[in-house]
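Student: Could you give me a close look at one loop position and its surroundings, and then show how that part relates to the rest of the chain? I'd like one connected walk through, please.

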Amino acid sequence: MSSWANSDLNGSPCMQCGCGNQDVKLVVNGVTSIATTDNNFICATLDWWPANKCNYGDCPWGQTGILNLDLSNKILTNAIKAFNPLRIRLGGSVEDQIVYQFGKQKKCPHFKKREGLVLITYHPFLNTIVKLSFGLNALTGKKNSVEDKLNWVGNWNPKNAISLMKYTISKGYKIDSYELGNELCAEGIGARVDSVQYAKDITRLRRIVNLLYPDASRRPKVLGPGGFYGKEWFQSFLLNVAPGVVDGVTHHIYNLGAGVDKDLINKIQDPYFLSQVAETFKSVAQAVEEFTPWAAPWVGEAGGAYNSGSKDVSRTFVNGFWYLDQLGMTSTLNHKVYCRQTLVGGNYGLLNTTTFIPNPDYYGALLWHRLMGSKVLSVSHEGSPFLRAYAHCSKNGPGVTVLLINMSNSTTFNISLVDDMNLNPILKTVPGRVQKTMREEYHLTPKDGNIQSDVVLLNGTPLQLTKSPDIPEMKPQLIDASSPIIAKPDSIIFIHTKSFKAPTCG
């Protein structure tokens, strides 16, 4: 259990008002883990949207769509290399309108609304620093239903997908996984496929993948359905796939509403609102466990606010309250991967659409990737619900890593980390007798205290690209492990403590 699941729904009497300082005991259970994630839990997407994709009079995609993106841009490649590797999902709303052409072609055709022909290209660095999930067109071979134009009926025609796979194999390109279709499940977004038919189609995809990739150790995973959760559709789909067909059950989340919503920033700072989506994560995880226990739930796409996000919120510091909380929440509910919409593109990109300079959430994602291991620990406290807390075994080395999110704009929390085996602070130094043990702390705060700033500070210093331009080194503060953790208002903190004795972490 984590702090979001342990909040008093009646709230704290202080809430967002001026409460000054509060002392909090944060209890971490290190005896057993409550869930596990993939070692490459952090994922980001690249989308097909062209430059003329606009919402609310704003056209935030520029040259960041897959067809236009300059993969040789040094800032972009350095941002990806910093993860070493970064899981990337290629897909999106236009995915089910794309077909591929292989071999020489003088000019790649212009993209069209209902169908696109793409000359397949692949940048060499993708083979070494990226775990690539490739979204396939699931509507080839299908046609509109006479009764309902939203419904697409008939069997999937895999001919073009087979050509794509054979081409990538012949070139030695590494594909981590194939996903069939985008947002065709449940009510559908623009198009819909029946759950039983989709199960039939993805079973065919699995057979093709098994045939073309006979070496199971190098075989790409199969993902689906890649859309919004609907209980009846998902259960029917999962009931109709045999064991071993699906590796990842992917679903999408845009729980903040429209990017133009004027209440967006208040939703992001409201822990009660943020906790509501946990029911969706629980439902997906339970359905997978009940009907396809060999598979695992993935968040295949999540941008917070839909329609390209919010230009005033999604790319600023405050969005990290939603994003990091989502990472923590889904990891506790046994989701293996979380794909952020987008790496670059729209207003919700981890990188700026025009300059590729990292937005604040990029650094939060990178710290998670480097510090949070795959074993998830139970953590709880009885303090304000505006203090969110998550804990994992540390990714590299002994101990645990704790993520704290202080959503309060006025309260500083003085936090003592407690081992639930003895409910005492994890370390007490005796002056003159015990050598001082230090912990590592990474405090993320907004520039000038403005939560809508697109500049983030690490331990008080702005995170800026080097002249190279490389991602800056992110050094922690070393703090006496016997002292409380100080979580200032509007801050996000990663704490790596080697002195915490967690048997499950080894």
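Tutor: Gln97 sits in the loop between strand 4 and strand 5 (98-101), and everything I say about it comes from a predicted model. Although Gln97 is a loop residue, it counts as buried because its relative accessibility of 12% is under the 20% cut-off. Its C-alpha atom is 8.4 Å from that of Thr140, a residue 43 places away along the chain.

Step back now into strand 4 (residues 86-91), where you will find Arg89. Arg89 is buried too, and the reason is its relative accessibility of 2%, again under 20%. Which side chains make polar contacts with the side chain of Arg89? One is Glu179, at 3.0 Å, and another is Glu301, at 2.7 Å. Leaving aside residues up to four places away in sequence, Arg89 also touches Cys43, Ala44, Thr45 and Leu46, along with Glu95, Ser133, Asn182, His252, Gly300 and Cys339, among others. It is worth following some of these contacts outwards.

Take Glu179 to begin with, a polar partner of Arg89. Strand 10 covers residues 177-180, and Glu183 belongs to the loop between that strand and helix 4 (195-212). Glu183 is not a glycine, yet its phi is positive, about 55°. Glu183 is also buried, because its relative accessible area is 6%, which again is under 20%.

Another direction leads to the stretch with Cys43, Ala44, Thr45 and Leu46, which Arg89 touches. Strand 3 spans 42-47, and Tyr56 lies in the loop from there to helix 1 (74-81). Unlike the residues called buried above, Tyr56 has 42% relative accessibility and therefore counts as partly exposed. Together with Val260 and Tyr306, Tyr56 makes a nonpolar surface patch of about 290 Å².

Then there is Cys339, another residue that Arg89 touches. Strand 16 runs over 337-340, with Thr342 in the loop between that strand and helix 10. Thr342 is joined to Gln341 by a cis peptide bond, with omega about 5°. On the other side, the loop between helix 9 (319-332) and strand 16 holds Asn334. Asn334, also not a glycine, has a positive phi of about 65°. With 30% relative accessibility, Asn334 is classed as partly exposed.

Helix 10 brings us to the interior. The largest nonpolar core has 116 residues, and Ile202, Tyr362 and Phe494 have the most contacts inside it. Helix 10 (residues 360-371) supplies seven residues, the largest share of this core. Tyr362 touches Asn78, Ala79, Ala82, Phe83, Leu350, Leu351 and Ile471, not counting residues up to four places away in sequence. A second core, separate from the other, has 21 residues, with Val24, Val379, Val400 and Phe500 among them.

Two more loops deserve a stop. Ser408 is in the loop between strand 19 (400-406) and strand 20 (411-419), and at 0% relative accessible area it is buried. A polar atom of its side chain is 3.0 Å from the backbone nitrogen of Thr411. Pro385 is 23 residues from Ser408 along the chain, and their C-alpha atoms are 9.2 Å apart. Further along, Pro469 lies in the loop between strand 24 (461-462) and strand 25 (477-480), and its peptide bond from Ser468 is cis, with omega near 5°.

Finally, here is the whole chain as a setting for that first loop. The chain has 10 helices and 27 strands, and 59% of its 506 residues are buried. Of the contacts between residues at least 6 apart in sequence, 76% join residues at least 24 apart. The accessible surface totals about 21,000 Å², and carbon and sulfur atoms account for 50% of that area.

How values were computed:
Residues numbered from 1 in each chain as written. Predicted model: local features only at pLDDT ≥ 70, side-chain atom pairs only at ≥ 80, totals over all residues. Heavy atoms only, no water. Helix = DSSP H or I, 4+ residues; strand = E, 2+ residues; numbered from the N terminus. Buried < 20%, exposed > 50% of the residue type's maximum accessible area, 1.4 Å probe, protein only. Polar contact = N/O pair within 3.5 Å; in protein donor to acceptor, adjacent residues only side chain to side chain. Contact = heavy atoms within 4.5 Å. Patch = residues over 30% accessible without salt bridge, like charges linked within 9 Å, V, L, I, M, F, W, Y side chains within 5 Å. Areas by Shrake-Rupley, 256 points an atom, 1.4 Å probe, with all protein chains shown as cover. Salt bridge = Lys/Arg side-chain N within 4 Å of Asp/Glu carboxyl O. Core = buried A, V, L, I, M, F, W, Y, C linked by side-chain atoms within 4.5 Å.
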